[in-house]
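Trainee: Please take a close look at one part of this protein with me, and explain the terms as you go.

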Amino acid sequence: MSFKNSYLASVMEAVVARNPHEPEFHQAVSEVLESLEPILERKPAYQESGVIEMLVEPERIIKFRVPWVDDSGKVRVNRGYRVQFNSAIGPYKGGLRFHPSVYEGIIKFLGFEQVFKNSLTGLPIGGAKGGSDFDPKGKSNAEIMRFCQSFMTELAKHIGANTDVPAGDIGVGSREVGYMFGQYKRLSNEYTGALTGKGLNYGGSLVRTEATGYGLCYFVEEMLKDNSTSMEGKTVVVSGSGNVAIYATEKAIELGAKVVTASDSNGYVYDPDGIDLALLKKIKLQERKRIKEYAKERPNAVYAEGCSGVWGVPCEIALPCATQNEIDAESAKKLIENGCIAVGEGANMPSTKEAVKLFLESDIMFAPAKAANAGGVSISALEMSQNSQRYNWSFEKVDHMLQKIMVDIYKKSSEAAKEYGYEGNLVVGANIAGFIKVADTMMAYGVV
Ligand code: NDP
C-alpha cells in the first residue's frame, strides 16, 4: 500500500485488521482512500468528523441460510448475504450476485464501490450489494425458482421500496428477478418496486436490460470525444458474454466499432469478421449455451481455452465486462504493447491494482468501473421513479436520460480530477466526486 497521508494509512490498516481474508474489499477500499489524499489536504473536516472511518464500515450486514430442494429431492444449503453499506443519500441500492465465488468479502467490495457509483449518478440512492454462493450453472428452471424463492423468503424481511431495492448482477438476470419479485409480492402482500430489473409486464423499465452495456459505451464515447476521437472504425475487445458484455457489444457496433471477441469463464472466441450479435444473443440469451458454440457457427471464428488470452488480441479499445481482477499486470502490458488507446471497465473492478497503475502511467484513456458502468444502476433508479408514479416512460426517453447521466458522470469525474491536480485521471476524479456528496451528507447527519 502506498499512502502518503498517515491518517488514511491508519484507516486502511484498521480495515485490513477488522476484515481479515477479504482481499477484494481491501483492494476496493485502498483505491478509494488513496484518491482522497488531495481532498483531505484541502478539507481537514473530513478527517476530524470521523466520516471516513464511518464510510468504510457497512451500516448493516445480513447473512442467512438458504435451504432448497433440488430436482432429485436432495436438500441443498447455500448462504445468502445483503450488505447494506450506506444509506446517506437514499435507500440502499445494488445488485444480487449468484456465483460460487461469493463470500462476504466480495459482497463488501461490491457494496463499497456501489456507494460511490450511486452517488456519481446524481440520483438519490444509497449503496448495497447482496448475493449467494449458489451456482446457477446446470440448474433446471424449477431449481432456480426454488432457490430464488427461498433466498427471497429471508431477504424480504430486510428490503422494501423505500428501504433497500436490489437488482441483478452476475448470475441474476430477468428470470431470477421475476422469481424473486413474485415471492416478494406474495410475502409482503403489496405491489411495490422493491426490486429493479423486472420484466416489462410487471414494473420493469425499458432500457434497463441494455443500460450497463449501453452506458459503458456512452461513457467511453464521451471520453474519446474529449480526446478528439471516437469509437467509429475502432477494433474492440470485449470480455464476458453476459448482460453487460452483450449490450456493450451491441452499442459499440451501433457506434461504428468492430467488436472481435466474446468470452466466458472457460475461454474466448475471436471473430476477425466482427462478432455476429444475433448469433451471440441466440447462443447466450435463448439457448444459454457456452461461448465456444459460437465458433462452430462462424467460418473464421476461433475458440481458445482460458480467459486471459482475450487481452492478447490486438485492439484499440478494451471493454472488460466479465468479473473482478480479470486484467492483471501481464494482460495490461499486452494491451499497451498492442496499441490499445482506451480501456472502459464494464465489470466491477476488472483490473488489478497493478494493471490500473500501468494504465494510468501509459497514454491509455482509462474509464474506471464506478463511473463507466453506472448506467445500470441509474436506470434502476429511474425504474424506481416509474414504479412510484405507476407509469412507464418510452425507450427513447429513458435512453436519452441514460446518455445524459453518463455524459454528466464523465464531466463530474474529469472536472474533479482537474480541480484536485490529477487532470486526466478518472480514477481519482470519480472517487472524489462520488465521495464528496456522501461524506458531506453524513457530516450533516452528525455521528449516526
Ligand atoms: P452475467 O452473469 O450476465 O455475465 C457474466 C459474464 O462474465 C459471463 O460471460 C460469465 O461467464 C463471465 N464470468 C463470470 N465470472 C467469471 C470468472 N470468474 N472468470 C471469467 N469470466 C467470468 O453478469 P453481468 O453481465 O450482469 O455482470 C458482469 C460484470 O458487470 C460483473 O462484474 C458485474 O458486477 C458488473 N456489473 C453488472 C451490472 C448489471 O447491470 N448487470 C451493473 C454494473 C456492473 P460464465 O457464464 O462462464 O460464468
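Trainee: What percentage of the residues in the protein do buried residues make up? Please give a close look at domain 1 as well.

Mentor: This is a predicted model, in which local features need pLDDT of at least 70 and side-chain atom pairs count only at pLDDT 80 or more, while totals for chains, interfaces and linings use all residues. Residues are numbered from 1 along each chain as its sequence is written, and side-chain values use heavy atoms, with hydrogens and water left out.

Buried residues make up 58% of the 448 residues; buried means under 20% relative accessible area with a 1.4 Å probe, counting protein chains only.

Domain 1 spans 6-55, and the division continues with domain 2 (60-191) and domain 3 (211-372); these bounds come from an automatic or database domain assignment. Between domain 1 and domain 2, the C-alpha centres lie 27 Å apart. On the domain 1 side, 10 residues are in contact with 12 residues of domain 2, where contact means heavy atoms within 4.5 Å.

Now the setting of that part. Contacts in the protein between residues at least 6 apart in sequence join residues at least 24 apart in 72% of cases. The radius of gyration, taken over C-alpha atoms, is compared with a globule rule of 2.2 Å times the number of residues to the power 0.38. For 448 residues a compact globule would have a value near 22 Å, so the 21 Å of the protein agrees. Along the principal axes, the C-alpha atoms fill a box of roughly 60 × 55 × 45 Å.

Conventions:
Buried < 20%, exposed > 50% of the residue type's maximum accessible area, 1.4 Å probe, protein only.
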